[in-house]
Amino acid sequence: MKVGGVHYRSIWRDADSGEVRIIDQRWLPHEFKVVTLSSLDDFAVAIRDMWVRGAPLIGATAAYGMAEAIARDPSDANFEHSSKVLNATRPTAVNLAWALERCRAALMPLRPEDRADAAWALAHEVFEEDIDINRRIGEHGLALIRDIAARKPAGEPVRLLTHCNAGWLATVDWGTATSPMYHAHEAGIPIHVWVDETRPRNQGALTSWELGVHGIPHTYVVDNAGGHLMQRGMVDLVITGTDRTTAHGDVCNKIGTYLKALAAHDNGVPFYVALPSPTIDWSLGDGVAEIPIEERPEREVTHVLGMSEGRICDVQVTPEGTPGGNPAFDVTPNRLVTGLITERGVCEASAEGLTGLFPEKVA
Ligand code: MRU
């Protein structure tokens, strides 16, 4: 998407130097910084410390990280080492394991001397595929927004709510939950987005930044506001992203998503999840029991990062020594999900719904 008139992706390989560049999201929305990742360690730190984040972007970064590592040393031993290092960075988004598995299947059968070129080509393939998947999610999600708009008086905005950042920053481009919003905006359908702040890391500020840059009306609200807004009839549609969705349609996403789904259910508000197929973990059924939930540092909870007098700094919000608990994701059971917006269309959040769209996955 465009920033200051220039079309950026959240990760890319520079055509001249061959270097991999990312937007370093630690400083957004306050500062827009591009950095180069040039070693396996750089890629691992960038994922672990959330310079890049969001399930699809984590997958794409892992694919480029493997290419960088294999270009230096294409041996079996280095493949195994690099894959292990990257796999250990973050546990919840299944796109990471998906990308590493895809590298294994494509590269390990090759002779070591043929692996580097194939690894760069594969990373580029993952990059291009992600853009295409998200564009198609946007087209399918647009139909939902269009339907709601058609039932409203002309000119009245469709009021959406989203949690975390499942925007273009969390993918290579378009975003998942935001893609239908960008498509609706481009189609001239008036929308307004309630953006949950998403403590502790405030990824909602990234979503606000994205939407602001694109001129989409939005309001940043505290995480606890969603239930109230839905109760007052101020939300027409919730769309969130997902980090891992089970074969039964249970959805794991940023902490707090489950509470939004409960509130939506209680108030009859449709709750949709934008789901690129690489985010489906076909090996899992019961998400609550089986999906690993990342525990992040307590400092993210006891402190808040922000901008003060032109400087980015973090301030403590708790008494000295208060322990902070930081589960980063939660699971929304399929019964609370109205539908899944995939690149192949919208389906019910169930085994039948998913296999109907992805019949090749039926064992
Ligand atoms: O911890 P994060 O910022 O990586 O979590 C991101 C999310 O939870 C997103 O909603 C999810 O990855 C979907 S991104 C298209």
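Between which two elements is the loop where T198 is found? The loop runs between β7 and α7. The views below come from a predicted model.

**View 1. The loop between β7 and α7 holds T198 and P200.** The loop follows β7, residues 191-196, and leads to α7, residues 203-213. T198 has a positive phi of about 70°. T198 is not a glycine. A cis peptide bond joins R199 and P200. Omega for the bond between R199 and P200 is about 10°. P200 is in this loop too.

**View 2. A cis peptide bond joins L28 and P29.** Its omega is about 10°. P29 lies in a loop between two strands, β4 and β5. β4 spans residues 20-23. β5 spans residues 34-37.

**View 3. Polar side-chain atoms of R90, Q203 and K254 approach oxygen atoms of the ligand.** For K254, a polar side-chain atom lies 2.7 Å from a ligand oxygen. For R90, an N or O atom of the side chain is 2.8 Å from a ligand oxygen. For Q203, the distance from a polar side-chain atom to a ligand oxygen is 2.9 Å. The protein covers 100% of the ligand's accessible area, which is 410 Å² for the ligand on its own.

**View 4. The ligand sits in the largest cavity.** Around the ligand are 19 residues. The closest are R53, R90, D243, N253 and K254. What is the make-up of the shell by class? The shell has 7 nonpolar, 8 polar and 4 charged residues.

**View 5. Two domains contribute to the shell around the ligand.** Domain 1 covers residues 2-129 and supplies at least three shell residues. Domain 2 covers residues 140-361 and also supplies at least three. Which elements each supply at least two residues of the shell? They are α2, residues 55-72, and β11, residues 251-254. K254, at the end of the β11 range, is among the residues closest to the ligand.

Notes. Residues numbered from 1 in each chain as written. Predicted model: local features only at pLDDT ≥ 70, side-chain atom pairs only at ≥ 80, totals over all residues. Heavy atoms only, no water. Near = heavy atom within 4 Å. Polar contact = N/O pair within 3.5 Å; in protein donor to acceptor, adjacent residues only side chain to side chain. Areas by Shrake-Rupley, 256 points an atom, 1.4 Å probe, with all protein chains shown as cover. 1 Å grid on protein atoms, 1.4 Å probe; cavity = no way out; pocket = protein on both sides within 12 Å on 5 of 7 lines; lining within 4 Å. Sits in = over half its atoms within 2 Å of the grid points. Helix = DSSP H or I, 4+ residues; strand = E, 2+ residues; numbered from the N terminus. Nonpolar A, V, L, I, M, F, W, Y, C, P; charged D, E, K, R; others polar. Domains from an automatic or database assignment.
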